[in-house]
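Colleague: Could you take a close look at one part of this model for me? I would like the charged side chains, with enough background to read the numbers.

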Amino acid sequence: MHPTPLPSSLTSPSSSASSAASFPTSSLVEIPCNWYGEDETPLSYLPHVPNSHGYVDVRVIEQMWKDRFTWLWEHAHEDAANGFLEGSGGASVEEEQVTQFIFPIILHPDTSGMAHVIGMVERVLRWLQGMEGQGVEFCRYEDIAREAKEAAEIAKKRG
């Protein structure tokens, strides 16, 4: 086992815009997710984990997922209206343009396969499907990664 190395100078502010170019390149795409977007932690009892919940009412998780999505959705539109799009430099943007975000939900078959959880997942998916005409789309992780790689290639060609 090796100790974690000390931070390099790359973690401190640099006046050189080319400092990012010194990072190694990779074709790996990280799709951000977190414990609040997965089902197993709050809905499964794991006896070997000291802080395992065991059972949280599925309606609590359902509402939490809806609340988190709603907040992101509202702020994406708000940011666009205020000109805070990534890379826009605060410049004005067209009204229909919004900040894009990914809302990954991670489902474990041994958790979401339980009868009381299946209904919760179905309700959340139907709720989200009701917004498909407003810009919400369902994507596989593979498709998200492919789109991110394509966008990176376009940005690289632009310089």
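Modeller: What follows gives the background first and then goes through the charged side chains group by group.

This is a predicted model, in which local features need pLDDT of at least 70 and side-chain atom pairs count only at pLDDT 80 or more, while totals for chains, interfaces and linings use all residues. Residues are numbered from 1 along each chain as its sequence is written, and side-chain values use heavy atoms, with hydrogens and water left out.

The protein chain has five helices and zero strands, in the order α-α-α-α-α from the N terminus. Helices (H or I, at least four residues) and strands (E, at least two) are DSSP runs, numbered from the N terminus. Of its 159 residues, 21% count as buried; buried means under 20% relative accessible area, exposed over 50%, and partly exposed in between, with a 1.4 Å probe and protein chains only. The chain exposes about 12200 Å², and carbon and sulfur atoms supply 56% of that area. Accessible areas come from the Shrake-Rupley method with a 1.4 Å probe, and for residues only the protein chains shown count as cover.

Eight salt bridges are found in a search of the whole structure. A salt bridge here is a side-chain nitrogen of Lys or Arg within 4 Å of a carboxyl oxygen of Asp or Glu. One of them joins Glu-62 to Lys-66, at 3.1 Å from N to O. Both residues lie in helix 2 (residues 58-81), four residues apart, about one turn of the helix. Glu-62 counts as buried because its relative accessible area is 6%, and Lys-66 is also buried, at 16%. Glu-62 and Lys-66 belong to a network of salt bridges that also links Arg-59 and Arg-123.

A second group involves Arg-140, which is partly exposed with a relative accessible area of 49%. Arg-140 forms a salt bridge with Glu-142, where the closest N and O atoms are 3.6 Å apart, and another with Asp-143, at 3.1 Å from N to O. Glu-142 is partly exposed at 45% relative accessibility, and Asp-143 is partly exposed at 25%.

Tyr-141 lies in helix 5 and is partly exposed, with a relative accessible area of 36%. Leaving aside neighbours within four places in sequence, Tyr-141 is in contact (heavy atoms within 4.5 Å) with Ile-31, Pro-104, Ile-105 and Ile-106. Tyr-141 and Val-29 are 112 residues apart in sequence and 9.9 Å apart in space, C-alpha to C-alpha.

Finally, Glu-132, Glu-137, Glu-147 and Glu-150 gather in a surface patch of negative charge. Patches are made of residues with over 30% relative accessible area and no salt bridge, with like charges joined within 9 Å and nonpolar side chains (Val, Leu, Ile, Met, Phe, Trp, Tyr) within 5 Å. Lys and Arg count as positive and Asp and Glu as negative, with His and the chain ends not counted; the place of a charge is taken as NZ of Lys, CZ of Arg, CG of Asp or CD of Glu. Glu-137 sits in the loop between helix 4 (115-129) and helix 5 (141-158), and counts as exposed because its relative accessibility is 60%.
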